[in-house]
Amino acid sequence: ESFDFVILQLLLSIVGGPAERQATLENARELCKPGGHIYISCSGVSADINEKYAALYEQDKALTGEENTYYSRDPETKEILYSTHHFQQQELNDLLTTTGFENITIEQVREHSSRQKNEAAYFFYVSAKCP
């Protein structure tokens with residue numbers, strides 16, 4: 001079965017590492033009808049507007065092995081729940097291009113953090129055509 005459009009809302013930021021992000025987009029491309037569209041929202045690198053994110057990126061860099069990625073943890077037990085990756089715009093564009101999407105439009109918006117309502121964060125809103 002295929003669809004006229006596919007939506008990935010904040011999924012790409014928490015699906016895993018680079019291989020899992022690529023596989024997620026490949027799967028979305030396969031589910032999307034030729035000429036259909038994909039719509040994506042994901043977290044953007046926010047170190048310059050939120051010092052807590054800057055600290056998280058630095059704290060977990062050695063563990064994740066990746067820039068702008070940190071582990072989301074249980075607030076009480078500090079147990080690692082999942083990794084969270086914040087994209088740079090070019091990185092996101094390259095990932096979509098490599099996966100075969102076309103006519104890529106990426107808008108960066110400064111908003112409130114999805115988990116911390118009183119803190120700033122960047123989000124990307126993406127639309128692209130499925131090949």
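Select Asn-68 to begin: this residue is found in the loop between α2 (51–64) and β3. The model is a predicted one, in which local features need pLDDT of at least 70 and side-chain atom pairs count only at pLDDT 80 or more, while totals for chains, interfaces and linings use all residues. Residues are numbered from 1 along each chain as its sequence is written, and side-chain values use heavy atoms, with hydrogens and water left out.

**First stop: Asn-68**

Keep Asn-68 selected and examine its backbone. Its phi is positive, at about 60 degrees, although Asn-68 is not a glycine. The residue has a relative accessible area of 11% and is therefore buried. Here buried means under 20% relative accessible area, exposed means over 50%, and partly exposed lies in between (1.4 Å probe, protein chains only).

**Second stop: the whole chain**

Now display the chain as a cartoon. How many helices and strands are there in the chain? There are three helices and six strands, and from the N terminus on they run β-α-β-α-β-β-α-β-β. Helices (H or I, at least four residues) and strands (E, at least two) are DSSP runs, numbered from the N terminus.

Turn the view along the principal axes: the C-alpha trace spans about 45 × 25 × 25 Å. The radius of gyration of the chain is 15 Å, which agrees with the value near 14 Å for a compact globule of 131 residues. This radius is taken over C-alpha atoms, and the globule rule is 2.2 Å times the number of residues to the power 0.38.

Switch to a surface display. The accessible surface of the chain comes to about 7500 Å², and 49% of this area belongs to carbon and sulfur atoms. Such areas come from the Shrake-Rupley method with a 1.4 Å probe; for residues, only the protein chains shown count as cover. Of the 131 residues, 40% count as buried.

**Third stop: Thr-69 in strand β3**

Return to a cartoon and select Thr-69, which is found in strand β3 (residues 69–73). Is Thr-69 buried or exposed? Its relative accessible area is 2%, so Thr-69 is buried. Show its side chain together with that of His-85: a polar contact of 2.5 Å joins the two. A polar contact is a pair of N or O atoms within 3.5 Å; within protein, one must be able to donate a hydrogen and the other to accept it, and residues adjacent in sequence count only if both atoms are side-chain atoms.

Leaving aside neighbours within four places in sequence, Thr-69 is in contact with several residues, among them Leu-56, Tyr-57, Asp-60 and Ser-83. Contact means heavy atoms within 4.5 Å.

**Fourth stop: Tyr-70**

Select Tyr-70, which also lies in strand β3. At 7% relative accessibility, Tyr-70 counts as buried. Its contacts, leaving aside neighbours within four places in sequence, include Tyr-53, Leu-56, Tyr-82 and His-86. Next, measure from Tyr-70 to Glu-58: the two residues are twelve apart in sequence, and their C-alpha atoms are 8.2 Å apart in space.

**Fifth stop: Lys-78**

Proceed to Lys-78, in the loop between β3 and β4 (80–85). At 54% relative accessibility, this lysine counts as exposed. What does the side chain of Lys-78 reach? It reaches the backbone oxygen of Pro-75, at 3.0 Å.

**Sixth stop: Gly-16**

Select Gly-16 in the loop between β1 (3–9) and α1 (18–31). With a relative accessible area of 15%, Gly-16 is buried. Not counting neighbours within four places in sequence, Gly-16 is in contact with Arg-21 and Ser-83. Add Arg-110 to the selection: the C-alpha atoms of Gly-16 and Arg-110 are separated by 24 Å, and the residues are 94 apart along the chain.

**Seventh stop: Asn-50**

Select Asn-50, placed in the loop between β2 (32–44) and α2. Its relative accessible area is 6%, so Asn-50 is buried. Its side chain makes a polar contact of 3.2 Å with the side chain of Glu-119. Apart from residues up to four places away in sequence, Asn-50 touches Glu-119 and Ala-120.

**Last stop: Asn-103**

Finally, select Asn-103 in strand β5 (residues 102–112). Its phi is near 50 degrees, a positive value in a residue other than glycine. At 59% relative accessibility, Asn-103 counts as exposed, whereas Asn-68, where the tour began, is buried.
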